[in-house]
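Please look through the model below with its central sheet region and its charged pairs in mind. The paragraphs that follow lead from strands to helices and then to side-chain contacts.

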Amino acid sequence: DQSGTMERSFNNLVGEFHVPKQFVDRVALHIAKNLLMDSTNPGVGENALGLTRVPLILGIWGSKGCGKTFNLELACKALGVHPVVMSAGELEDEWAGEPGRLIRRRYRHAAEIMKVRGKATCLIINDIDAGVGWFKQTQATVNTQMVMGTLMNICDHPNFVSNEEDDEIHAYRDDEYIRRVPIIITGNDLSTLYAPLLRDGRMDKFYWSPTREDICDMVHAMYRDDDVPRDTVERLVQAYSHQPLDFFGAIRSRMYDEAIARWAYTFQGEPDPLTGQRLVTKAMGETLIKNRTHERPDDEEDPGKLLYWRPDFVNHGAGSGVDMSEAVLFKHAEDLAREQELVNQNRLSEEYMRYQKTWEELVEAGEVKEAPEPSIEEKVAKMVEEDDSIREAQARAVQAAREALRHSEEAAAEERRRNPPPPEPEPEPEPEPEPEYPRWWEVVTVKDAFAMFKEEGVKVVDVRGARDYSREAVVGSANVPAVNVVGR
């Protein structure tokens with residue numbers, strides 16, 4: 001399942017291309033050293049390289065458009081290597097940890113190809129700095145850290161990569177041993193990656209900067225089917241020596257624009273009644289879909305292979321209907337260079353995204369001027385001036401508070417004068433005390449009464465009703481009912 005594992009077969013690389021010898025040799029050396037480090041590979045003895053530590057990752061880096069990814073694919077095709085490829089867009093996911101799992105699955109699949117099919121393979125991660133590089137004002141995510149940690153762990157233990165089927169913590173078993181798979185990454189600036197991943201024990205670095213001779217060889221091979229002479233290619237490269245390799249590939253793509261436009265115009269409809277213009281109709285799309293590349297039917301010879309279709313004008317060499325003269329080449333090159341210059345000069349985004357610039361960027365662009373650094377005397381004078389202004393502000397604040405309090409008191413007095421409060425009501429006279437009636441007996445406490453009853457023989461007179469007296473009474477008391485209780 002190539003869609004799930006991104007295994008490349010290089011069927012898209014049709015034609016003869018030139019790969020610089022220096023590039024192929026560097027890739028071949030890295031793959032050979034890593035395969036020799038694994039004694040389970042056929043023909044490799046135990047400790048074939050001795051105690052040499054071979055980095056698992058080869059980092060190919062260089063300026064944009066210099067052919068890192070394309071030459072890597074051509075080198076793998078020339079070496080008979082069947083790589084498993086990942087892109088920078090797969091290094092981020094909505095689920096935390098998923099990119100790390102994907103790297104482990106792709107690595108294990110590459111090891112399975114080597115073991116089951118007996119083919120040399122490698123894991124390629126293209127434009128890794130675009131996916132997990134740390135740039136200015138770029139926020140790192142959990143997945144960024146997980147990708148770095150996963151790659152470092154694979155570098156340290158290339159033959160033991162978890163398949164996540166067994167979460168039990170145990171020592172590695174023999175059945176978990178997998179083949180060592182070399183990893184090749186491409187990027188523009190490897191310094192944006194996590195520094196421990198770049199150390200020499202884990203990664204070899206290869207700076208790819210093709211020479212003028214390399215570019216001429218690659219461009220000449222690119223135009224070989226179009227019968228463009230070598231000296232024309234050299235003059236083109238010399239005239240645009242500051243352009244990357246993909247610039248010359250874009251020129252070749254533009255050579256067919258006029259012929260394709262003429263072919264598309266054959267599908268124009270009737271003139272528009274309002275504008276009189278004749279537009280290309282849907283017949284062009286139907287023709288392209290009808291004649292698209294498809295597999296041979298089963299009843300034909302060699303079923304399963306693809307039948308390729310292309311319009312008559314898409315033929316290389318003389319008689320193709322496409323002008324490949326030197327003048328046309330330079331004309332298209334000039335158009336492409338002018339478009340690049342317009343993009344670099346106009347920078348329309350700066351007009352409506354100025355608020356996103358930092359202060360340093362505004363100063364560098366000349367939109368604001370940074371004040372010169374003041375001297376010590378100027379700094380002291382500024383501090384004294386700031387202290388004086390603070391004291392003056394505090395004094396003004398105190399004076400304002402006093403004025404506000406005075407105005408408040410005056411307003412309250414004026415309000416009391418205009419609306420005086422009602423008079424207070426006269427206090428009610430205190431009630432006269434109840435007159436004291438004379439008693440013919442002495443009032444004593446219960447304790448004194450009990451002592452007098454026990455010691456002095458004072459008689460006790462019970463004034464309760466006869467019923468209560470008969471229920472309970474003091475021994476020796478006399479009952480003289482003060483009330484007569486009738487009923488219950």
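**A walk through the predicted model**

Strand 1 and strand 4 (residues 183–187) run parallel to each other and are paired over five bridges, where two strands count as paired if DSSP finds at least two bridges between them. Helices (H or I, at least four residues) and strands (E, at least two) are DSSP runs, numbered from the N terminus. This is a predicted model, in which local features need pLDDT of at least 70 and side-chain atom pairs count only at pLDDT 80 or more, whereas totals for chains, interfaces and linings use all residues. Residues are numbered from 1 along each chain as its sequence is written, and side-chain values use heavy atoms, with hydrogens and water left out.

Within the pairing of strand 1 with strand 4, I57 stands opposite I183, and L58 has I184 as its bridge partner. Strand 1 also pairs with strand 5 (residues 203–207), again in the parallel sense and over five bridges, and here G59 faces K205 of strand 5. Strands of a sheet pair through backbone hydrogen bonds, either parallel or antiparallel. How is strand 1 placed with respect to the rest of the structure? Strand 1 (residues 57–61) is largely enclosed by the rest of the structure, because four of its five residues are buried, a term that means under 20% relative accessible area, with exposed meaning over 50% and partly exposed the range in between (1.4 Å probe, protein chains only).

The wider arrangement is an open sheet of five strands in the order 2-3-4-1-5, with parallel pairing. Strand 2 and strand 5 stand at the edges, and each has a single partner strand, so one side of each is left without a neighbour in the sheet. On average, neighbouring strands of this sheet are turned by 20° against each other, direction ignored. Helix 3 (residues 68–79) packs on the sheet, where it touches strand 1, strand 3 (123–125) and strand 4, and its direction makes about 155° with that of strand 4; contact here means heavy atoms within 4.5 Å, and axes are lines fitted to C-alpha atoms, for helices over the stretch in contact, with angles that run from 0 to 180 degrees between N-to-C directions.

The confidence of the prediction can be read alongside this picture. The protein chain averages a pLDDT of 82, and 83% of the residues score at least 70, pLDDT being the predictor's confidence in each residue, from 0 to 100. Among the elements of the protein chain, strand 1 has the highest mean pLDDT (95), and helix 1 (residues 2–5) has the lowest (46).

Helix 11 (residues 257–265) offers a view of burial along a helix, with A259, W263 and A264 buried. These residues lie on the same side of helix 11, because they cover an arc of only 140° around the axis, the arc being that of the directions from the helix axis to the C-beta atoms. The buried residues of helix 11 pack against helix 12 (283–290).

Turning to charged side chains, the structure holds 25 salt bridges, each a side-chain nitrogen of Lys or Arg within 4 Å of a carboxyl oxygen of Asp or Glu. One of them joins the side chains of E90 and R106 at 2.8 Å, N to O. This pair links distant parts of the chain, with E90 in the loop between strand 2 (84–86) and helix 4 (98–116) and R106 in helix 4, 16 residues apart. E90 counts as partly exposed because its relative accessibility is 21%, whereas R106, at 4%, counts as buried.

A second salt bridge joins the side chains of E213 and R230 at 3.0 Å, N to O. It links E213 in helix 8 (residues 212–222) with R230 in helix 9 (residues 230–239), distant parts of the chain that are 17 residues apart. E213 is partly exposed at a relative accessible area of 45%, and R230 counts as partly exposed at 23%.

The side chains of R396 and E392 also meet in a salt bridge, at 4.0 Å, N to O. Both residues lie in helix 16 (residues 376–418), four residues apart, about one turn of the helix. R396 counts as exposed because its relative accessibility is 53%, and E392, at 47%, counts as partly exposed. Elsewhere, salt bridges that share partners join E213, D217, R230 and E234 into one network.
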